[in-house]
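Here are a few exercises to work through with the structure open beside you. Try each task before reading its solution.

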Amino acid sequence: MAHICGPEVVKYACHCGLLRSISQLYFCRHCSKVRCSFCVCHEVDSIFCGKCSENIPSAEARVKKNRCSNCLVCPSCQQELWPRVAATKTSANPDEPKQVVKKMHYLLCQFCRWSSRDVGIPDQSSVTGFPDRENVYANRLQEVLDAYKAVVLAQKQAKENEKKKQRKKYLSYTDITGVTAAALRKRIGLPADRTHPLLKNKPKKPDNAVAVEEVDDLPEELFTEPVNLLEVTSVDQRLLYPEAQPVKMDKLFPVHKQLSIKRSLRCRACEHNVSKPEYNPNSVKFKIPLFAYYHIPDIRIVTVEPLRAGQTSELIIKFTNPTQHQTVVSFLEIALDEPEEPEIKEVEETMDSLNIQEKQHASLPSMTSTSQPSSLLSLGSHRQPMITIKPRQIFQTLNSTVEIPTSTFILPPRDDAAEFDDSGDTHNIQDDPKLVKWRKSNKAFIRLSVTPQEGLELKTEIVCGFAMKHLYTNTIFTQQPQKYEHKVKVFLTLGNLVGSE
Amino acid sequence: MSRNNIKILPGALVCDESKLRGDITIGAGTIIHPCVNINAEAGPIIIGDSCLIEEQVSITHRLPFDQQEKENTPVMIIGSHNVFEVDCTVEAAKIGNSNVFEAKCYVGPRVTVSNGCTIGAGCRLTEEQILKENITVFGADCQMREAIDVPAKQTLQMDTLMKMLPNYHHIKKPNKKTDAFIKQI
């Protein structure tokens, strides 16, 4: 989507003070706020392989070190490897002259033409049966890993013991009778010492790593022979396989493809999902797509007159209404320095009004109590904002002023069929001709005047900003959509200052 | 070079819509799609046997500025079994055999291409260099590696094109006999 919305000259301010283009923002309709990627919780939904589109449970993925067991990537260019069929003639019996054509497979990269034959991997009869390179240090790694696991376990055990000791404030039977636990166990016929079964078979401590004092001299060829870059691997190629880090090209080996994840995003303030993908790895759709692009009017720069210091230039921007509801847009002066207290209050107010309305919904109609209660409503009344995220200041210097128009304009709802309808624009909207230059279906072209500050140097990047207030129709509550006035701060990068005539 | 002098050997398939300018010799079995632009502005171009030149390919014989004032006109020689994929631009004066120029690549006039090389999609080679045998150029920053073998020949594709293209396009007739061409050389 970045290429549709790019270049990023129009930026919207998130609650947290970050400026992002609209394609990178989310819109939580439960708290009616714009959220950036830092204001949402990222959760891993499912793990899958991007090549074979197979869903892999997270436990299995952990065991496989987040790599697909079937798919391989090219060690030379990190693209996917594809098996190729090569028919080889092999005679099953050397005495028989009749040759049997056998299907053999080798791997080929379509991008850099690396093939498994390059490094001498024999062709395989099955597509998936390519050998993995064995790690020389696998045993040592496992030893160290086991030792650390034991340490973790011991620490956990110690902590639990401590807890038990603290809890032991009452008398136990053994204390009264004078029979110790060990004695009791002996009488029953159990071994006296009772240790945790996992602690019993303690893995042996790995040998300490020993530093070698004498290091072999570098081979003579390194100083005498010219370097052949075609034989030496690049940093990317080495880091692709950290266990071995091959130095020479002929040591490259196919690597298992890393798995991808689908993530769902959750608003940190109200814990509602703002983005949830479909489970199927083949699907690119979302179950919950609360992207700002679908809810907040999209602003794009159409034309800017050459910007000169201290002179007013005409700026034409296009507003597009992405929602199915008519909206009214108005402009407000942007205030960067004020600590944004009023906005907090406003949020709380809307929150309160939200809750009141929800409660009314929940209590009032007998319909909901007799029939099945709407899950959304019940959720809504219970879910209080978990964290109040403090708004932060926006660090963006504005070096031009926008003349804020006093009049407002209407954006009609989006109509997908309008593009194929040649009947023309039949909506009779009374527009301020000074503000609205032209309109078509759900788009309006707005004329603003921008004045860069006096005394700016040539080629300074001019940034202007305003607050956009638009009517947002919230449709979470199915009984009746609610309308809010939503405010968002918008920053436009208009280009560089040119000479003053 | 105002006069067009196009020599097409028997067995070659040259579509009529292709734009051929200058002194061009096309070897047997070579397929030239429509919308191919071959421009021999600095001297003759000789294309070898069984080359496949796809749509939107531009092959230009152009000399670098510092070499333009030489007396003898250089010849651009393209070997056999080369594949020029869609929308590649090739200006290299010497091209060997069995090379593949992938889609939208650019090879500048100072480059010499030997045999069995693959220039990857979108790669731009502009500096003066000699590509060794079986070199593969790939990736956004034109990484190079040495392939073990020459790229596979496109025989099947070319056989199909030989059958299909005459059904839908006007073809330039071969105007040279093989013997005459050999004598000429």
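**Exercise 1. Find what share of chain A is buried, then describe its make-up.**

Start with burial: in this predicted model, 34% of the 501 residues of chain A are buried. A residue counts as buried when its relative accessible area is under 20%.

Next, look at the secondary structure. Chain A contains 11 helices and 22 strands.

Then turn to the surface. Chain A exposes about 32400 Å², and carbon and sulfur atoms supply 53% of that area.

Finish with the contacts. Taking those in chain A between residues at least 6 apart in sequence, 66% join residues at least 24 apart.

**Exercise 2. Decide whether Ile22(A) is buried or exposed, and place it in its surroundings.**

First, locate the residue: Ile22(A) sits in the loop that runs from strand S2 (19-20) to strand S3 (26-28) of chain A.

Second, apply the cut-off. Ile22(A) has a relative accessible area of 3%, and buried means under 20%, so Ile22(A) is buried.

Third, see how sequence and space compare for one pair. Ile22(A) and Val490(A) are separated by 468 residues in sequence, yet their C-alpha atoms are 10.0 Å apart.

**Exercise 3. Draw up the same kind of profile for chain B.**

Begin with the elements: chain B has two helices and 20 strands.

Go on to burial, where 47% of the 185 residues of chain B count as buried.

For the surface, the accessible area of chain B is about 9600 Å², with 51% belonging to carbon and sulfur atoms.

As for contacts in chain B with a separation of 6 or more, 30% are between residues 24 or more positions apart.

**Exercise 4. Trace the nine-strand sheet of chain B from edge to edge, then find the helix that packs on it.**

Step one is the order. The nine strands of this open sheet in chain B run S19-S18-S15-S12-S9-S6-S4-S2-S20, with mixed pairing.

Step two is the edges: strand S19 (143-146) and strand S20 (171-172) of chain B each pair on one side only.

Step three zooms in on one end. Strand S2 (residues 13-15) of chain B pairs with S20(B) in the antiparallel sense over two bridges, and Val14(B) stands opposite Lys172(B) in S20(B).

Step four adds the helix. Helix H1 (residues 155-168) of chain B packs on the sheet and touches S2, strand S4 (31-32), strand S6 (52-53) and S20 of chain B. The direction of H1(B) makes about 50 degrees with that of S2(B).

Terms used
Residues numbered from 1 in each chain as written. Chains lettered and ligands numbered in written order. Predicted model: local features only at pLDDT ≥ 70, side-chain atom pairs only at ≥ 80, totals over all residues. Heavy atoms only, no water. Helix = DSSP H or I, 4+ residues; strand = E, 2+ residues; numbered from the N terminus. Buried < 20%, exposed > 50% of the residue type's maximum accessible area, 1.4 Å probe, protein only. Contact = heavy atoms within 4.5 Å. Areas by Shrake-Rupley, 256 points an atom, 1.4 Å probe, with all protein chains shown as cover. Pairing = 2+ DSSP bridges. Axes fitted to C-alpha atoms, helices over the stretch in contact; angles between N-to-C directions.
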